[in-house]
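Welcome! Let's take a short tour of a protein model, starting with its overall layout and ending with a few single residues.

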Amino acid sequence: MCQNIRPLHNFEPAATTDEVRAAALQYVRKISGMNKPSKVNEEAFNHAVDAVAHASMHLLADLETAAPPKDREVEAAKRRARSADRYAA
């Protein structure tokens, strides 16, 4: 899995359209092997990003959980701590 894509489900506040689109862009970049598509592939690339973002928004809207929502700041602090530990060694 692409390490730049973060879980977006069950957060308070909920994931924004921009966050979902950024995750979709990372996913399409990963599977296409392109960071920036050529002019010939740009339309297909952008269409794929739109389709993945659209499907992701529907998925997030349809998911249900009994778990309490996670706090964005707490989760971000955990990621920073893990990253610091990884690079401190």
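In what order do the elements of the protein run from the N terminus on? They follow the pattern β-α-α-β-α. Keep in mind as you look around that this is a predicted model.

## The overall layout

If you count up the secondary structure, you get three helices and two strands. The radius of gyration of the protein is 15 Å, well over the 12 Å that the globule rule gives for 89 residues, so the protein is more spread out than a compact globule. You can also look at the C-alpha trace, which spans about 45 × 40 × 20 Å along its principal axes.

## Inside and outside

How much of the protein is made up of buried residues? They account for 19% of the 89 residues, where buried means a relative accessible area under 20%. Turning to the surface, the protein exposes about 6,900 Å², and carbon and sulfur atoms supply 56% of that area.

Contacts tell you how the chain meets itself. Take the contacts between residues at least 6 apart in sequence: 68% of these join residues at least 24 apart.

## The second largest pocket

Now let's visit a pocket. The second largest pocket has a volume of about 240 Å³. Of the 14 residues that line this pocket, I5, L8, A23, S56 and L59 are the closest to its centre. Two elements, α1 (17-32) and α2 (39-62), each give two or more residues to the lining.

What kinds of residues form the lining of the second largest pocket? It divides into 11 nonpolar residues, two polar ones and one charged one.

## Two residues to find

Start with P7, which sits in the segment before β1 (11-12). Is P7 buried or exposed? Its relative accessibility is 57%, and because anything over 50% falls in the exposed class, P7 counts as exposed. Try locating E73 as well: P7 and E73 are 66 residues apart in sequence, and their C-alpha atoms are 14 Å apart in space.

Next, look for S32 in helix α1. With a relative accessible area of 31%, S32 is partly exposed, since that class covers the values between the 20% and 50% cut-offs. Along the chain, S32 and F45 are 13 residues apart, and 8.3 Å separates their C-alpha atoms.

Technical notes:
Residues numbered from 1 in each chain as written. Predicted model: local features only at pLDDT ≥ 70, side-chain atom pairs only at ≥ 80, totals over all residues. Heavy atoms only, no water. 1 Å grid on protein atoms, 1.4 Å probe; cavity = no way out; pocket = protein on both sides within 12 Å on 5 of 7 lines; lining within 4 Å. Points joined across faces, edges and corners; volume = space filled by probe spheres on them. Helix = DSSP H or I, 4+ residues; strand = E, 2+ residues; numbered from the N terminus. Nonpolar A, V, L, I, M, F, W, Y, C, P; charged D, E, K, R; others polar. Rg over C-alpha atoms; globule rule 2.2 N^0.38 Å. Buried < 20%, exposed > 50% of the residue type's maximum accessible area, 1.4 Å probe, protein only. Contact = heavy atoms within 4.5 Å. Areas by Shrake-Rupley, 256 points an atom, 1.4 Å probe, with all protein chains shown as cover.
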